[in-house]
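Q: I have not seen this structure before. Could we go through it together, one topic at a time?
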Amino acid sequence: MKQLACALFLACEIFAFEWKTLEEAKALQAKTHMPIMIDVVRTNCHYCTDMERDVFEDKAMSAWLEKRFISVKINLDKEPLPFSVKVSMTPTFLFLNEKGEIIKSIPGSWSIEDFQSLTKGIK
Amino acid sequence: MKNLLLALFLSLSLFAAPPKFLMPEEAFKPHAKLNTSGNIIANVELGKGIYLYEAQTKVELKNAAGVVVERTEKPEAVDHDGDRVYTSTPKFTLFLQKESGVSGIVKGEVVVSYQGCSEQGLCYEPDSKSFAIDIDTSKLPETKAEPKALDVATLSSADAPTSKANADLSETDAIANTILSGNLAIIILTFMGFGLLLSLTPCVFPMVPIISGVIISQGRGITTKRALFLSLVYVLSMAVAYTIAGVMAGLFGANLQAALQNPVAIFIFSGIFVALALSMFGFYELKLPDSLVAKVSSSSNHSGVAGVAIMGFLSALIVGPCVAAPLAGALVYIGQTGDAVLGGIALFAMSIGMGIPLIAVGVSAGKFMPRPGAWMTMVTDIFGVMMLAVAIWMLERVVSDYITMVLYSVLGIGFALYLGAHEKEVHIFKKSMAVVMLIYSISLFIGALGGSTSMLKPLEFLKPTVAIAGVNQQGSTLQFVKVHTIEELDMAMANAKGKKVMVDFYATWCTSCKELEAITFKDPKVINALSEFVLIKADISANGVEQKALSKKYGVFGPPVLLFFDASHTLQSPKTVVGYIEPQKFLEHLAAL
């Protein structure tokens, strides 16, 4: 439907959720003091792709997340996790505070509503 | 201390997440053991809503000296959102064999590796588990002395491979096997078909003006019957040339076509075309000396036949040196089996197929030739110009682009003036054509003086260099390492250690190579797909001793041939590409590597 509206009115914006690299995110965290959210994915994990499409590419949800977290994506097929913790599932969402500690880990893919209620308490 | 805290946090938070998902050890329970007949039985027990990727699920036997897995039986995977998966516990059976001389108990290790997902919306990290086993070799059968491998080199016509085996062979080898099937009618028809397809490639295009010119140069009032006869003679001698060259190449590994690609042969042939063109312009009548004609035949009509036959023979060898998969296939067959007769028949059938459209061209050239008069003069003149163009086109292989561009532009300017670009009393259509040609030819001339070598964009050198730098950054082109000898190739391969390699055998005189270059290798998707390869160009234009050795080492009959090597630099011979390949097909080919 979205694509249809897009084609009909030719007025759609090209929209993509903004993922930062971990370095960028750390620099930004020093200023904004927001937690960093790391989305740990793999290329062949189609739930990761589905969630990215259905949740992060949603404009309202993207704005909601941007107010709360600095988002980083790490694809384990391309790079390892930059700390000693291992995840056993993808997607897994790791939330890092300013000291670099993992304050929450949420495995699995979720709908917008579920993901909001799971993450709204994280500060 | 910090790490401990961190671990504590993590475990707490994991438990804090809703207990919706199975932990990996609940989701997957791998097992492996030996059954009573000494074979390995393994499975991965799946939790509720869990499935496994087929490609990532493997059972392997490791560290078992003298025991090999003869074959593995595994269940059929099903489609799940585009992935091939196992949705229920998959069972694997590994049938073992011992090498001769092995006895007693052999210790080994079974490694079950797997990766899967939960329907509830997550995927698990790849994992594996290993099981120690004691294999009782007295229960196992012995391996056969030599594993039965399919290799074209060991094939004899006695054991023709099945079509299933063909799937693992390169196109060339599959074609070689078509001949092995032995049915003469099928061979002839198949190869005629290949020939017809080849006739649509640029290899054959230059022959179109040649055959038309040959027919027209026979003079006015030529009958359709005679035009057909002469076209047949041309095509037959072309086919004979192909067959002889092919059989020799197959038997002796010498490439007659390549041998004729030396400057002397090309200058001579190019000269013949200039002579033909001049005769078209009416400077003189092209005929064999009367005394010779009298000796060869009493009828003057036959003088033309010999000329046409020589023309056909030479144009096959010099004008169209295109090696495509069917040709190489026939050559491989001849080389492997020494059966020149069957291979020769295949080549002959292919050449006839290639010639069928040429016969049509020849006949229509004779048929639609206008009555003597002003028109007739113009048609012969146009063919004269085409002959000159062919002469220049052949020179491209031995002289620099700069010279051929100047020649083309001079030809174009001359032709435009002939058509009447500067005259007032000329029909507007003819004049427009002439003016366009004049402008293009002048651009070519200026382009050549300005150092451009592109016939399509002669004035590109006028663009500001900044813009060109910008273009280069965006539209990246493929970077090839050029080699000419076995040593150079070995060195280039050594430099590419640990990387996949593609070697492109090419020559400046090879039309299909230019197509490959201009179309396939310019395709952005292809450029992208080739980014993981180290690209090497083996230039065999010179056709010296070293180039022949290089070709022979890799079984290359003639360019273009693309060889693929994996990261450990083993030649993927079934993946070899011979001849031109379209971008889309090439992408599919790369994807299958």
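Q: To begin with chain A, what percentage of its residues count as buried?
A: This is a predicted model. In chain A, 30% of the 123 residues count as buried.

Q: How many helices and strands are there in chain A?
A: Chain A has five helices and five strands.

Q: And in what order do the elements of chain A run from the N terminus on?
A: The order is α-α-β-α-α-β-β-β-β-α.

Q: What about contacts in chain A between residues at least 6 apart in sequence: what percentage join residues at least 24 apart?
A: Of those contacts, 72% join residues at least 24 apart.

Q: Turning to the contact of the two chains, how many residues does each chain give?
A: Chain A gives 21 residues and chain B gives 20 residues.

Q: Which elements of chain B give two or more residues to the side that touches chain A?
A: They are helix 1, residues 2-16, and strand 11, residues 122-124, both of chain B. Helix 1 of chain B provides the largest share of that side, with six residues.

Q: How does that side of chain B divide by class?
A: The side of chain B that touches chain A has twelve nonpolar residues, along with four polar and four charged ones.

Q: Strand 11 of chain B was mentioned; which strand of chain A is joined to it?
A: Strand 3 of chain A, residues 89-90, is joined to strand 11 of chain B by two bridges.

Q: Do they run parallel or antiparallel?
A: The two strands run antiparallel.

Q: Which residue of chain B does A:Thr90 stand opposite?
A: A:Thr90 stands opposite B:Cys123, which lies in strand 11 of chain B.

Conventions: Residues are numbered from 1 along each chain as its sequence is written. Chains are lettered from A and ligands numbered from 1 in the order in which they are written. This is a predicted model: local features need pLDDT of at least 70, side-chain atom pairs count only at pLDDT 80 or more; totals for chains, interfaces and linings use all residues. Two residues are in contact if their C-beta atoms, placed from the backbone, lie within 7 Å. Helices (H or I, at least four residues) and strands (E, at least two) are DSSP runs, numbered from the N terminus. Ala, Val, Leu, Ile, Met, Phe, Trp, Tyr, Cys and Pro count as nonpolar, Asp, Glu, Lys and Arg as charged, and the others, Gly among them, as polar. Two strands pair if DSSP finds at least two bridges between them. A residue is buried if 20 or more other C-beta atoms lie within 10 Å of its own, exposed if 12 or fewer, and partly exposed in between; C-beta atoms are placed from the backbone.
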